[in-house]
Amino acid sequence: MGFQEAADGQPGLRRPQLGAVHSVLGYWTTGRVAPVTVVMPTGTGKTETMLALLVAGTLPRLLVLVPSDVLRDQIADKFIALGVLHKYGIVAPSALRPVVGRVTTGFRDAEQALAFADSCNVIVTTPHALQACAPTARQALLAACSHLFVDEAHHVVARTWAEPREAFADRPVVQFTATPFREDGRHVEGQIVYDFPLEQAQRQQYFAPINYTSVIDLIDTDRALAQQAVRQLRRDVEAGLDHLLMVRAKSTRRVDELLPLYEELARDYAPVALYYQLSATAKKKALQAIRGRTSRIVVCVNMLGEGFDLPELKIAAVHDPQKSLGVTLQFVGRLARVVSGGRLGDASVFVARTEYHVDERLRSLYAENADWNLVLRDLSQAAVAEQREISEFEAGFTSKPAAVTLRNIEPKLSTVVYRTQSDEWTPESIPAFFGDDVMLTQPIGINPAEGVAWCVVENRSDVSWGEIKTVEELTYEMFVLYFDRRRRLLYINSSANSGLFPELAEHVAGPSERFTGSTVYRVMADIHRLIPTNIGVLDVRSQFRRFSMHVGSDVTASFPTGEAQTKTQTNISGSGYRAGERVNISASIKGRIWSHSPAPTVKHWRDWCDNVGDKLLDASISIEDITKNFIVPQDLTARPDAALLGVEWPWEHFLTVTENLRLLYDGRAYPMIDVDLRPRDQSEEGPLRFWVETAAWKVGYEADLRDGKLIYRCMEPVEIAATAGRSAPVWLSSWLNAKDGLIFLLAGDRLVRGGKLYTPGDDRTPFPVDRLRVLDWSGIDLHVESQGPQRRPDSIQARVIAQLRADDTWDVVIDDDGSGEVADVVALKIDDAGLLIHFYHCKYAGGLPGARVGDLYEVCGQAHKSVVWRRGDIVPLFKNLERRARKKQQRTTVSPFEVGDLPSLYRLQEQARVVKPRLEMTIIQPGLSASVVSDKQLDLLAATESYLRSTADAPLNVWCSG
């Protein structure tokens, strides 16, 4: 049976439904039964496509799997009536309608399940109802069906969804979804045979225009957002539009906060709450109020989503934005649906800008002036294109094993690499190499176009715990091979993470040469401050101690300068920074290269191999330059003879930007990241002494070396208490002693943590005098550092801000001065090179300008500490700047923005993912004199810049006196 497209203005099947039907029917003519995926945006007719496939494909008995009871009932009703097919005469009026069964509870036995199935043409159920069946009943029901349709197919990775689909391994499966991707990175199995782009859906007017408003308020964002959303609802209702307002909250606690607010602003619209934890009676009552229009506002938590059909929901107040693209696309698709004959207008979405979002793809969507009609289309198409690329990669496997599916494979990032003489290989000969009798996967997986093959081999061996001939140890080993024909490189991965496989390489690719020796260490190029964590050493002379493994601080033994001619490193593992992001890498001179991160798919492993190959073939990489710059950790045996520049909380507290961990003293509690750690003095001997300081209190602590470990103690009669969430408070010294403790930054670019000393091995030259910038300090009190809320014009900080204003190039300048500051002043702008983030650290002078090195210690320490904000993702920096700006505004009623405002900060953050972010640092010390600067001062500045450049590629600027 064929269908024709509805003419303009005429009812019938529309282009997306017809395209999907023809694509699936065409696929079925090939005789293949592997799952296929149909991608259609919400509201473009997925259910009508299912109905058309049922009729056109004359399916004997169809099973439809849906995510919820609501959706089960909605889809079952449409199958009973054949939806638009009967309504508009697409099928003859004499055509019989299908018998539709709904599985709501579990069957007790197979006979009951079979009797039910025999009486149905279509069965609609949920995974939960299937799981409630007895195992034999579930198997009988699944076996009785000829085809499986899966709605909202992004769920299929979950076990309760995957098991029914796996039962249809020999029968056709069609998966329907608007979002063929998952936020956990796992891929939805099934070749995409049809994809109706969101752009076409908009062009064909399946979606109404979406009016988007970003709500930004430093004082009370919830109230500002609610006022705008209610105002829009009143305008729409007064215009005769039958619109409803949905208020989106992330938790029941937030519902309790928001419902009274909407009752205050719109009591005449009788706001109701709706969330899963409500009783069935309360849910029903709330839905009846909305459907009956006795209420026009519903405050909900993750409700009214998948499968909920209420087109009148045309206004959304998003107080807590979704943090994943898939959920957002589903959510917006339901708001923008077009329904003929209804009194509906355009959709309006109001979104609170109060935090940054997990899914990077949402940044442009939540921009202040975003056009959602364009951005949604681009985001959807980019996400689907990424999944299509993976789908096509996997569909390129012309042979596929039945015992193990490709989607379930997560190879380790590990490989040995061979250079071949030929650009041809024979992956189909792999079973002959291992032997057909040990191959678990027959046939093996081969993708000729991408040069990838994989298989699983069964290994049997004697047990290690005795000589027992009747018992064997059975293991399975996976192999993945990738042949880069253009560069003649063969990569071999084994799940055992061992072996070099020269015979296998020659078997599939002919004469081959493995990359070995120090060449493999090229993969460590472009990693700064590389700290080796494990090193194997081979002594070529000693017959009694040929090989030794060095771990942690013991790696110092692997670099004995006096024995450099007799020892060689056999393998090196380390971690460091690449473009500000922490990475780990390992390599063995025998040729194995690996990382500790798994690859979510075979394609990801293949792409990682390409990056490895780039470095192995780069002859310009110097192995000597890599190894000489290792930072080798050493056990602390004595206090380092260097001044203490700064003290840091553990880095992870900065990167998560959480307020859960709090410090309590004298009745005042502060988030840990807002509490300063400052050196008490610049002594080069004795315990490391420091202040734990906020605007309300300052408490002295020290860390003393005992038996190779730093022991913390409070130096005051009353100590600070540390608490996290609901856990019981503990003394801060106890908390520090139980953890790795703090990070101590010492002069000479040295760092101490957890009883280990880290000293860079690279040489440096003194900071050039001609790079010292002299400022005019006329009218400035050199003893006053901060301008404070009163904006003191005679302060050092005010002078810096005046200089930045005079430059007139900055998009945002923030006064961030205060405990826990990122810097005294933070300036940001977009220029030709990308996004420039500049930290300015100020320090008052200890006297008249001169050569005192003490004036530089603390300000250099502040520069060291602040570089943590550029490590890894840039989002924590923006999130922290926003958080601190809100708190400062609420505390002082004075805006911290000297240039720009909060929307300007958002705009810069949104661009940070499409332009290159870079960091610069300036320290301002009018006590430093360019005319009488000392060598010790210049060396301290050089060490500081060395640290900044190696960890964040950040240059150092210095402003001083003449």
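Okay, let's start with the whole chain: there are 962 residues here, and 55% of them count as buried. Keep in mind that this is a predicted model. In terms of secondary structure, we've got 25 helices and 44 strands. If you take contacts between residues at least 6 apart in sequence, 71% of those join residues at least 24 apart. As for the surface, the chain exposes about 40,900 Å², with carbon and sulfur atoms supplying 49% of that.

So, confidence. The average pLDDT for the chain is 82, and 82% of the residues score at least 70. Where is confidence lowest, and where is it highest? The low end is helix 14, residues 372–395, with a mean of 52, and the high end is strand 4, residues 122–125, at 97. Then there's the stretch 538–547, where pLDDT is below 50; it still has 19 contacts in the model beyond near neighbours in sequence. Residues 559–567 also stay under 50, and for those the model has 13 contacts beyond four places in sequence.

Now, one residue I'd like to show you: arginine 61. You'll find it in the loop between helix 2 (46–56) and strand 2 (62–65). Which side chain of opposite charge is nearest to arginine 61? That's aspartate 118, 4.0 Å away, and yet arginine 61, which is buried, has no salt bridge. What else does arginine 61 touch, leaving aside neighbours within four places in sequence? Its contacts there include Ala117, Asp118, Cys120, Asn121 and Ile123, and also Ala144, Cys145, Ser146 and His147.

That's my bit, thanks.

How values were computed: Residues numbered from 1 in each chain as written. Predicted model: local features only at pLDDT ≥ 70, side-chain atom pairs only at ≥ 80, totals over all residues. Heavy atoms only, no water. Helix = DSSP H or I, 4+ residues; strand = E, 2+ residues; numbered from the N terminus. Buried < 20%, exposed > 50% of the residue type's maximum accessible area, 1.4 Å probe, protein only. Lys, Arg positive; Asp, Glu negative; His and termini not counted. Contact = heavy atoms within 4.5 Å. pLDDT = per-residue confidence, 0-100. Areas by Shrake-Rupley, 256 points an atom, 1.4 Å probe, with all protein chains shown as cover.
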